[in-house]
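Please open the model in your viewer and keep the sequence panel visible. The tour below proceeds from one selection to the next.

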Amino acid sequence: MVEPTAKREIADYFINSYKISERSACRLISISLSSKRYKPKPKAEDGSIKLLLTALARSKTRYGYRRLQICMAKKGYYMNHKKIYRLYKEANLGLSKKNSKKIKKQARDKLLLVKSFNDNWSIDFISDSFTDNRRFRCLNIVDNYSRFNIAIEASISFPSLKLISTLEEKIIKYGKPRNITVDNGPEFRSKAFQAWASKEGITIRFIDPGKPVQNAFIESFNGRFRDECLNQHWFSSLKEVKAIISAWRNEYNKTRPHSSLGYLSPIEFIRKNQQECINSCNYNVLAVA
């Protein structure tokens, strides 16, 4: 079925190309003159909604219209996603996309099936630089079930002993994971880390070299973290890094809508499944988040 807007465009094409009257063009494509001449009138409240949407999009520069719709709803503006999309396009708020080279799709290995909090943590490092080009690293830890960010620890370097002490601190706070998925970095391959995991009864799951998709949860988190936090700031000191990252982590866990959680934040998802999370880790995650 042809939409009325499309029919109006077709009628205009016949009028301009074949120099026929408006009435004849409408009769040709079976559309009334009133429909052809109809011009939608923007509602008065659309202007204020568009201003709020624009302000929200500028403060959340990497959010698309669906996440913005959730944020608008939390502010009391409940609207159909189609209306949000229309206003989003009218305000020219679309995100720019990089044209990536198409590569041949290959079979992917199945991820570990998780059914509760602490079934599996995913760990990875991500690096960035200060304004004077010195480098720093961030240790990112994510619970695969709830997408809850267990930790983002920033430091100039991360030897295996520091990695172990960070994990021990988070285990005291959130409980012990049954599995930890990691890549093949030297920190994870070290004898000290292997011995610690064996002593704690934690299974370390190494991904195959060159297959980051096997650690997809943390890779997805790293992408959001870089886009929405690291790329949005200039860092002059480690103290500044920790303060900015702490604020972003708090927002990520408590308010940022996550598409794979039905556009709930990790804390909202945990609250919805609170009893299961408490049973799986013997801790009230909401109390220590």
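**Strand β1 and its partners**

Begin by selecting residues 120-129, which constitute strand β1; eight of its 10 residues are buried, so defined by a relative accessible area under 20%. The coordinates belong to a predicted model.

Next, add residues 135-143, the strand β2, to the selection. Strands β1 and β2 are paired in the antiparallel sense, and nine bridges connect them. To inspect one of these positions, pick D124, whose bridge partner in β2 is N140.

Now display the turn of this hairpin, in which five residues lie between β1 and β2. Which residue in the turn has a positive phi? It is N133, with a value of about 75°.

Return to β1 and select residues 179-182, which form strand β4. Here the pairing with β1 is parallel and comprises three bridges. Centre the view on N120: the residue opposite it in β4 is N179. Strand β1 thus pairs with β2 in the antiparallel sense and with β4 in parallel.

**The whole chain**

Finally, release the selection and colour the chain by secondary structure: 14 helices and five strands are present. Switching to burial, one finds that 40% of the 289 residues are buried. A surface representation corresponds to an exposed area of about 17,400 Å², of which carbon and sulfur atoms supply 52%. For a contact map, consider the contacts between residues at least 6 apart in sequence: 60% of them join residues at least 24 apart.

Note on methods:
Residues numbered from 1 in each chain as written. Predicted model: local features only at pLDDT ≥ 70, side-chain atom pairs only at ≥ 80, totals over all residues. Heavy atoms only, no water. Helix = DSSP H or I, 4+ residues; strand = E, 2+ residues; numbered from the N terminus. Buried < 20%, exposed > 50% of the residue type's maximum accessible area, 1.4 Å probe, protein only. Contact = heavy atoms within 4.5 Å. Areas by Shrake-Rupley, 256 points an atom, 1.4 Å probe, with all protein chains shown as cover. Pairing = 2+ DSSP bridges.
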